[in-house]
Structure formats: structure tokens, C-alpha cells
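Please work through the following exercises with the structure open beside you, trying each task before reading its solution.

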Amino acid sequence: MDSKSVEKQALGLPAPDRARLAQKLLESLDTLTDAEREKLWLDEAARRAAQLDSGDVELISGNEVAGKARALLR
């Protein structure tokens, strides 16, 4: 079974079951080695760079993000 199939099935679970599953998945990341953690970060950085390069996403300035955050806190 591939991850897309697992994801589809997991999203079909009732909310309490999804929450338990999410907790277990997050806890499983605590056991990663430093090398595994570093590889995950590098993979994520490469994925995000590819999104920027392809134009799928746009950068937002830090000032704009901070302004939106402040507005939400009001």
C-alpha cells in the first residue's frame, strides 16, 4: 500500500481516530537520528525551492506576515 492510499484512508477516519493517529505519527518522528532529520529538512528545502522555481508559490515578505499576524491577534 502506498502513502497516498494510506492518507486517503486516514482522512476518512472519524476525528478522534485521526487525532490519535496524528499523535502517534508525530511521536514516531522523535526517534529519528540526526542524519535522518537532516535529510528530511534538506528534502523539504529542495521541494520548496522547486515550488518557487516553477512559480507554484510566491514569497511573502516578513513584514507582510508580521502585519497579518498582528491583525489576527487584535
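**Exercise 1.** Determine which residue forms a salt bridge with aspartate 43, and place the pair in its helix.

*Solution.* In this predicted model, the partner is lysine 39, and the closest N and O atoms of the pair are 2.8 Å apart, which satisfies the criterion because a salt bridge requires such atoms within 4 Å. Both residues belong to helix α3 (residues 34-54), where a spacing of 4 residues separates them by about one helical turn. Aspartate 43 itself has 39% relative accessibility and therefore counts as partly exposed, since that class runs between the limits of 20% and 50%.

**Exercise 2.** Examine the contact of glutamate 44 with arginine 48, and state which network includes them.

*Solution.* The closest N and O atoms of this salt bridge are 2.7 Å apart, and the two residues, 4 apart in helix α3, are again about one helical turn from each other. Glutamate 44 is partly exposed at 21%, as is arginine 48 at 48%. Together with Arg47, Glu44 and Arg48 are linked in a network of salt bridges.

**Exercise 3.** Describe the salt bridge of arginine 20 with aspartate 17 in helix α2.

*Solution.* The closest N and O atoms are 2.2 Å apart, and the residues lie 3 positions apart within helix α2, about one turn of the helix. Arginine 20 has a relative accessible area of 49% and is partly exposed; aspartate 17, at 28%, is also partly exposed. The structure holds 6 salt bridges, one of which is this pair.

Terms used:
Residues are numbered from 1 along each chain as its sequence is written. This is a predicted model: local features need pLDDT of at least 70, side-chain atom pairs count only at pLDDT 80 or more; totals for chains, interfaces and linings use all residues. Side-chain values use heavy atoms; hydrogens and water are left out. A salt bridge is a side-chain nitrogen of Lys or Arg within 4 Å of a carboxyl oxygen of Asp or Glu. Buried means under 20% relative accessible area, exposed over 50%, partly exposed in between (1.4 Å probe, protein chains only).
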